[in-house]
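Colleague: Could you take me through the salt bridges of this model in some detail? I would like to know who pairs with whom, and how open those partners are.

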Amino acid sequence: MKKTFTSEEVLQEGQKLAQILQNLPEVVYFKQCEKKLRNHKEATRLISEIKRLQKEIVNLGHLGKNKACKQKEDELYACQQKLNAIPLVAMFFQAQEEINELFQNISWLLTQAIHDEIKLQALQK
C-alpha cells in the first residue's frame with residue numbers, strides 16, 4: 001500500500017525541493033547575473049528610463065496625443081536597443097530563459113506524474 005501524505009507534508013517536501021533547486025548551477029548562475037545587473041549603473045539607468053517612458057506612453061495614449069506618443073515610443077525603442085547591447089543583459093536573459101525552461105519541465109513532470117497515477121487508479125477500479 002502506498003504511503004499517503006497530508007497537504008502539510010507535501011508542502012514541507014516542496015520546501016525541500018525548493019532548497020535543492022536554489023543550489024542548481026543554473027539557478028546560482030542566474031542569481032549571479034541578476035546581482036551583477038542590479039549593480040550595473042548603465043543597465044539600471046536604462047531600465048528606469050524604459051519604465052518611465054512606458055508610463056508616459058500609456059498616459060499620452062489615454063490623452064490621445066498620438067504624435068507625442070510616437071516620439072516616446074521611438075525613445076523607448078532606442079533605450080531598449082542600448083540595454084540589449086549590454087552583454088550582461090544578454091547573459092541575464094539567457095540564464096532566465098534556461099531556468100524558466102527548467103521550472104516548466106519540472107512542473108510538466110509533476111503534472112504528468114499525477115495525471116498518470118490518476119489514470120492508473122481509474123483503470124484499476
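Modeller: Happy to; here is a walk through the salt bridges and their partners. Please keep in mind that this is a predicted model, where local features need pLDDT of at least 70 and side-chain atom pairs count only at pLDDT 80 or more, while totals for chains, interfaces and linings use all residues. Residues are numbered from 1 along each chain as its sequence is written, and side-chain values use heavy atoms, without hydrogens and water.

Across the whole structure there are seven salt bridges (a side-chain nitrogen of Lys or Arg within 4 Å of a carboxyl oxygen of Asp or Glu). Let us start in helix H3, residues 41-63 (helices are DSSP runs of H or I, at least four residues, numbered from the N terminus). Here Arg45 bridges to Glu42 at 2.9 Å, N to O, and the two are three residues apart, about one helical turn. Arg45 is partly exposed at 43% relative accessibility (buried means under 20%, exposed over 50%, partly exposed in between, with a 1.4 Å probe and protein chains only). Glu42, at 35%, is also partly exposed.

Helix H3 also holds Glu49 and Arg52, again three residues apart, with their closest N and O atoms 2.4 Å from each other. Glu49 is partly exposed at 21%, and Arg52 is partly exposed at 34%.

In helix H4, residues 66-84, Lys72 and Glu75 are separated by about one turn; their salt bridge has a closest N to O distance of 3.7 Å. Lys72 is buried at 18%, whereas Glu75 is partly exposed at 29%. Through shared partners, salt bridges link Glu49, Arg52, Glu56, Lys72 and Glu75 into one network.
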